[in-house]
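Open the model in a viewer and keep the sequence panel visible. The stops below go from a pocket to charged pairs and then to single residues.

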Amino acid sequence: MRRGGFDDGHSAMDRVVNMAMSPTVEAKSIEQTLLTITCSERLESQDARYLRGVFAGLYPNRPEFHGHGPTGLVYEHPRIQYKVMNGRGLIVGLQEGAFLLRAAEAPVRLRLGPRQLNAISVDRAERMVPFGLAEQQIEYEFVTPWVALNEENHERFQGARIQGKESTNELMRRVLIGNLLSTAKALGYEVPGPIEAEVAVGEPREVTIKPGVVLLGFSGRFRANFSIPPIWGIGKQSARGFGTVQRIA
């Protein structure tokens, strides 16, 4: 664990994650594209889902942009994620998602819910980032709420809370490892060894995914022997900006 332990405070949203991470022997390098959109008004965190809708309208036949295929929802970890940080829209893609974002035409005018905004500037960055099993433990914190629980895990979480903090953290540790395995599967990465992790999260709070849909979100920190690309999210609703992590050690 980190010296002094993990704290349960919320991460500062105005810190843009742009820390390069050195790949380890086991990790592989994958392509990442980051599209940063500065609008005529400051964006709020809930605008991430509207950004997703904008690109869904532009590219309806590419499920990577919106998670809907010919037969319905695509139930796998997204390759393109939408976020709001520092009042700007961030669209991040890995592998196929990175390729699509590299070629995508960013809109000059965006409808974000009830607002019509102009895009003042659009910046595109491309780079190779490490992903996969690491030789050493890496510490991260969640900079947006981690939506960790499905219906089954929610029931287990309620039971773990009764047993105490240790049981809760053990459950969240297993959930976290499952999230990392799901991410690896979606990105075609066969994990060559066991993922080891420790998790310390605070009390959950309700987060609104979209009107009428409220789930539990967690803040906190974790350590894992796994390299996660910068500005990337894990867990449920990561395509809408939830579960974004920042490396801190």
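How much space lies in the largest pocket? About 1200 Å³. The model is a predicted one: local features need pLDDT of at least 70 and side-chain atom pairs count only at pLDDT 80 or more, while totals for chains, interfaces and linings use all residues. Residues are numbered from 1 along each chain as its sequence is written, and side-chain values use heavy atoms, with hydrogens and water left out.

**Stop 1: the largest pocket**

A pocket here is an open set of points on a 1 Å grid over the protein atoms alone, where a 1.4 Å probe fits, with protein on both sides within 12 Å along at least five of seven lines; lining residues have an atom within 4 Å of a point. Grid points are joined across faces, edges and corners, and the volume is the space filled by probe spheres set on the points.

Select Val74, Tyr75, Glu76, Pro78 and Gln237: of the 38 lining residues, these lie nearest the centre of the largest pocket. Then colour helix H1 (47–58), helix H2 (63–66), helix H5 (165–186) and strand S9 (205–210), the elements that give two or more residues to the lining. Helices (H or I, at least four residues) and strands (E, at least two) are DSSP runs, numbered from the N terminus. H5 supplies the largest share of the lining, eight residues.

Colouring by class gives 14 nonpolar, 14 polar and 10 charged lining residues. Ala, Val, Leu, Ile, Met, Phe, Trp, Tyr, Cys and Pro count as nonpolar, Asp, Glu, Lys and Arg as charged, and the others, Gly among them, as polar.

Keep Gln237 selected. Gln237 sits in the loop between S11 and strand S12 (245–247), and its phi is positive, about 65°, although it is not a glycine. Gln237 counts as partly exposed because its relative accessibility is 23%; the classes are buried under 20% relative accessible area, exposed over 50% and partly exposed in between (1.4 Å probe, protein chains only).

**Stop 2: salt bridges**

Side chains of opposite charge can pair when their charged atoms come close. The criterion is a side-chain nitrogen of Lys or Arg within 4 Å of a carboxyl oxygen of Asp or Glu. The whole structure has 11 salt bridges.

Select Asp47 and Arg115, whose closest N and O atoms are 2.6 Å apart. Asp47 belongs to helix H1 and Arg115 to strand S7 (residues 115–142), so this salt bridge ties together parts that are 68 residues apart in sequence. Asp47 is buried, at 3% relative accessible area, whereas Arg115 is partly exposed at 22%.

Move to Glu96 and Arg79, a salt bridge with an N to O distance of 3.0 Å. Glu96 lies in helix H3 (residues 96–103) and Arg79 in the loop between strand S3 (72–73) and strand S4 (80–85), so the pair joins parts 17 residues apart in sequence. Glu96 is partly exposed, with a relative accessible area of 39%, and Arg79 is buried at 16%.

Next, select Arg161 and Glu203, with closest N and O atoms 2.4 Å apart. This pair links distant parts of the chain, 42 residues apart: Arg161 is in helix H4 (residues 151–163) and Glu203 in the loop between strand S8 (197–201) and S9. Arg161 is partly exposed at 36%, while Glu203 is exposed at 57%. To finish this stop, add Glu41 to the selection: Glu41, Asp47 and Arg115 form one network through salt bridges that share partners.

**Stop 3: single residues**

Is Phe222 buried or exposed? Phe222 is buried, with a relative accessible area of 0%. Phe222 lies in strand S11 (residues 220–227). Its C-alpha is 9.6 Å from that of Val245, which is 23 residues apart in sequence.

Go on to Asn86, in the loop between S4 and S5. Asn86 has a positive phi of about 55° although it is not a glycine, and is partly exposed at 26%. Then select Arg88, in strand S5 (residues 88–94); Arg88 is partly exposed at 27%. The C-alpha atoms of Arg88 and Ser40 are 9.9 Å apart, with their positions 48 residues apart along the chain.

**Last view: the whole protein**

Clear the selection and show the cartoon. The protein has five helices and 12 strands. Of its 249 residues, 50% count as buried.
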